Amino acid sequence: MGRICLVCQNIDCKTRGSEQLTAELEKRIAAKGLTDVEVKPYMCFGACQEGPNIVLYPEKSWYAKVKVEDLDDITNHLAGGPHVQRLDTIDSSLKELIYQLLDTGVM
Amino acid sequence: MKKIATFEDWIEYFNHWQKDIGYNADLLAGYNFETKLGELHASDIEFGDYKGQAKWQRVTQIPNQSIRDALMNLIVYQGDTEFASVEQQKNLIDTAPTDYDRQALIRVNSEEMRHGWQMCYLLVNYFGDSGKLEAQKMLERRAFRGDRLLGSFNAPVNNWLDFFTYTEFVDRDGKYQLTMLSHSAFAPLAESVTAMLKEEFFHMFTGHTGLTRILRAGKIPIPIVQKYFNKWLSTAYDLFGTNHSSSAHWAYTWGLKGRFDEHEANVPAEKDKLNDLARSHYMVESAKLIDQLNQLIPADQPKLYAPDLKFNRSIGEYVGKTYSVNGELLSSDAFAKHVTEVLPTETDEKTLAEIINRKDWVSQIQMN
């Protein structure tokens, strides 16, 4: 299984620019030659107030309140760079619940 | 119970309330009930007659008693919904379709209790004897007795379709109310609801993903799902208040409760249409969510929709009127028949119970 960047696309996150973020992330990943990484829209992570959210899976890194200017750091992380600590602000119990949901592959 | 003098007294009362409604406190083990404060949108009052002045940190800074009373009323109504929702939902814990759903429900309940806790913290610590009394009364009303303050919060939540539809549409009203209060001139309230709002999104997520899983499984007939939409959306419309509400007008004038999009609004507020405006935003959002859900329904089946604004209303200009779910005015007899066709009946609940017993009615999620 390749790596996936899930970008939430529910109503609140769309109003905060998540569609633009998705398109821009795809471009930057392609420019970096990360052929094993796929960007996918995801309905919601239940943290819309902190959105737009990007979850890297199966690695399980959750970045919140992502802006276009954060994408280079996220792409860099995908290329082996450091975790982007400043965007890792979601409470751990919610993360755990959503990761378990993702693990099922159902949603 | 003794009279509440301190917040510690209120906590004792809260523990008593949990026992009285039959909520198993062991389920909440590890959950930390606490007050949480978020960031203010602005340190100065954002709108209304006091715009530009520093936000009030204490009740004694509020210019007059009418404003203090209106503010306390807003807090009481918000808090009442939080405890009521737990009373409505607690019976579902033992029938959760999966461990994940059970865990999600307990999380939703815990956070609703915390939100009520937060509102009572404000009442007890800022509003003197009258606030303490209201915080006590909030734990004495009961959804199942029908004496919670708002209609939606006295309606029965009998099954998991009820729960998912409720969290999709009634909790979404909560998002609007909390967002509007997050602009409040009373800083402790604005800070409180900002933190509550973060948690509210998981509740809506639970509803939307739950409905998604129901439609993916394809076992519950769409007409039955539609009846639950009619039940909860029509009552959710009421939660925004009446058209031309004077209390909404004054809450805005006094800076207590803003517009949903106050932070980006660039036109003056129409103060006599504030409730209508919020409800309109809500209806647009609900329609988008229903569109998403409809994409999961096979082409040969009916699509879901939101009932007309005039249907089944308990407050405002349409109360007692005989409008259909499509907004058509019916005779009294035709309406009486119509209601049995578009709202859940005992027969529907029995049918649903049989489907739900078969376990394949919702896409299963297994905890790893």
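This tour proceeds through a predicted model, from chain A to its contacts with chain B and then to the nonpolar cores.

Begin by colouring chain A by confidence. Its mean pLDDT is 91, and 96% of its residues reach 70 or more. Within chain A, strand 4 (residues 61–63) has the highest confidence, at 97, whereas helix 4 has the lowest, at a mean of 84. Where pLDDT is low, predicted coordinates should not be read in detail.

Next, select the sheet of chain A. Four strands form an open sheet in the order 2-1-3-4, with mixed pairing. Strand 2 (37–42) and strand 4 of chain A are the edge strands, each pairing on one side only. From one strand to the next, the twist averages 20°. Now isolate strand 1 (residues 3–8) and strand 2 of chain A: the two run parallel and are joined by 6 bridges. Among the residues to display here is A:Cys5, whose bridge partner in strand 2 of chain A is A:Val39.

Turn then to the interface, where 15 residues of chain A are in contact with 17 residues of chain B. On the chain A side, helix 4 (residues 92–104) gives the most, with 6 residues. That side comprises 9 nonpolar, 4 polar and 2 charged residues.

Finally, select the largest nonpolar core, which has 78 residues; B:Leu71, B:Ile75, B:Cys120, B:Leu123, B:Ile214 and B:Trp232 have the most contacts inside it. Helix 5 (residues 160–181) of chain B supplies the largest share of this core, 10 residues. Another core, of 33 residues, lies apart from it and includes A:Val66, A:Ile74, A:Leu78 and B:Met204. Centre last on B:Leu71: beyond its neighbours within four places in sequence, B:Leu71 is in contact with B:Ile62, B:Phe186 and B:Leu256.

Note on methods:
Residues are numbered from 1 along each chain as its sequence is written. Chains are lettered from A and ligands numbered from 1 in the order in which they are written. This is a predicted model: local features need pLDDT of at least 70, side-chain atom pairs count only at pLDDT 80 or more; totals for chains, interfaces and linings use all residues. Two residues are in contact if their C-beta atoms, placed from the backbone, lie within 7 Å. Ala, Val, Leu, Ile, Met, Phe, Trp, Tyr, Cys and Pro count as nonpolar, Asp, Glu, Lys and Arg as charged, and the others, Gly among them, as polar. A nonpolar core is a set of buried Ala, Val, Leu, Ile, Met, Phe, Trp, Tyr and Cys residues joined through C-beta atoms within 7 Å. A residue is buried if 20 or more other C-beta atoms lie within 10 Å of its own, exposed if 12 or fewer, and partly exposed in between; C-beta atoms are placed from the backbone. pLDDT is the predictor's confidence in each residue, from 0 to 100. Two strands pair if DSSP finds at least two bridges between them. Axes are lines fitted to C-alpha atoms, for helices over the stretch in contact, and angles run from 0 to 180 degrees between N-to-C directions.
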